[in-house]
Amino acid sequence: KKVTYANMVCDYRPLKDKKYRVRLTIGGDKLDYGDKTASPTANLRDTKILVNSTISDAHMGAGFMTADIKDCFLMTPLPKGDREYMRIHSKYFDNEFRTLYTLHDKVHDDGYVYCEIQLGMYGLKQAAILSYNLIKKRLAPEGYYPIKESNGLWKHKTRQTIFALTVDDFGIKYFKKDDADHLLNALRKHYDILEDWNGRNYCGLTLEWNYD
């Protein structure tokens, strides 16, 4: 297996609870991958269809909300036989951190600590498809499935709920609060989620809903 580098990324995410972020990301451009790393994801067309459909059905009680799985990539395990590896220079670890994780004897002669990656990371190309497949597996027993004719729209077997899935962001059209709660509770069994019943931001769009 190849060993890639670590990269510190500073970012400002205005829609998140913690807006100022420093992330440890992996140099995914240096790794070898299989045939498929991309996941089906809702594009702007799918999102506009869903939004317009909600507007058309608003007189029948349709509403739109959004939900976001917290740390979706980071909580998805990599298969045991297909894990990745990276190195982090020891200068990034202070003495307190080295003592806490007993790293003093793990620093290589070149000054790096070598790590096996067991869960998804930002920058890891296969993290998207792995997290998608895990979401699909976990939602299937609850009655949710992706619509074959679209990139990222999902339905329920008996409920009227339709949602667009963009990586770990859900844009949800629902007719009853109980239907929306059914989806949210299904996600809560496995993830921490953030929800916005006003449905204000999704897929790069800022939405002002006036159902009246």
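**Exercise 1. State what share of the protein chain counts as buried, and describe its make-up and extent.**

Of the 212 residues in the protein chain, 40% count as buried, where buried means under 20% relative accessible area, exposed means over 50%, and partly exposed lies in between (1.4 Å probe, protein chains only). The model is predicted, so that local features need pLDDT of at least 70 and side-chain atom pairs count only at pLDDT 80 or more, whereas totals for chains, interfaces and linings use all residues. Residues are numbered from 1 along each chain as its sequence is written, and side-chain values use heavy atoms, with hydrogens and water left out. The protein chain has four helices and twelve strands, which are DSSP runs numbered from the N terminus (helices H or I, at least four residues; strands E, at least two). Along its principal axes, the C-alpha trace spans about 70 × 35 × 30 Å.

**Exercise 2. Describe the largest pocket by its volume and its lining.**

Begin with the definition: on a 1 Å grid over the protein atoms alone, a pocket is an open set of points where a 1.4 Å probe fits, with protein on both sides within 12 Å along at least five of seven lines, and lining residues have an atom within 4 Å of a point. The volume of the largest pocket is about 1,100 Å³, a volume being the space filled by probe spheres set on the points, which are joined across faces, edges and corners. Its lining consists of 35 residues, and those nearest its centre are Arg 13, Lys 16, Arg 21, Asp 68 and Asp 169. Among the elements that give two or more residues to this lining are strand 3 (63–69) and strand 9 (169–174), while strand 2 contributes the largest share, five residues. By class, the lining of the largest pocket holds 17 nonpolar, five polar and 13 charged residues, where Ala, Val, Leu, Ile, Met, Phe, Trp, Tyr, Cys and Pro count as nonpolar, Asp, Glu, Lys and Arg as charged, and the others, Gly among them, as polar.

**Exercise 3. Describe the second largest pocket in the same terms.**

The second largest pocket has a volume of about 470 Å³. Leu 24, Met 86, Ile 88, Phe 97 and Cys 115 are the closest to its centre among the 18 residues that line this pocket. Strand 5 gives the most to this lining, with five residues, and the lining divides into 15 nonpolar, one polar and two charged residues.

**Exercise 4. Find which parts of the chain the salt bridges of Arg 87 and Arg 159 tie together.**

A salt bridge is a side-chain nitrogen of Lys or Arg within 4 Å of a carboxyl oxygen of Asp or Glu, and the whole structure has eleven of them. Arg 87 pairs with Asp 110, their closest N and O atoms being 3.6 Å apart. Because Arg 87 lies in strand 4 and Asp 110 in the loop between helix 2 (95–100) and strand 5, the pair ties together parts that are 23 residues apart in sequence. Arg 87 is partly exposed at 30% relative accessibility, and Asp 110 is partly exposed at 34%.

For the other pair, Arg 159 forms a salt bridge with Asp 178, with the closest N and O atoms 3.1 Å apart. Arg 159 is in the loop between strand 7 (153–156) and strand 8 (162–166) and Asp 178 is in helix 4 (residues 177–188), so this pair ties together parts that are 19 residues apart in sequence. Arg 159, Asp 178 and Asp 179 are linked in a network of salt bridges.
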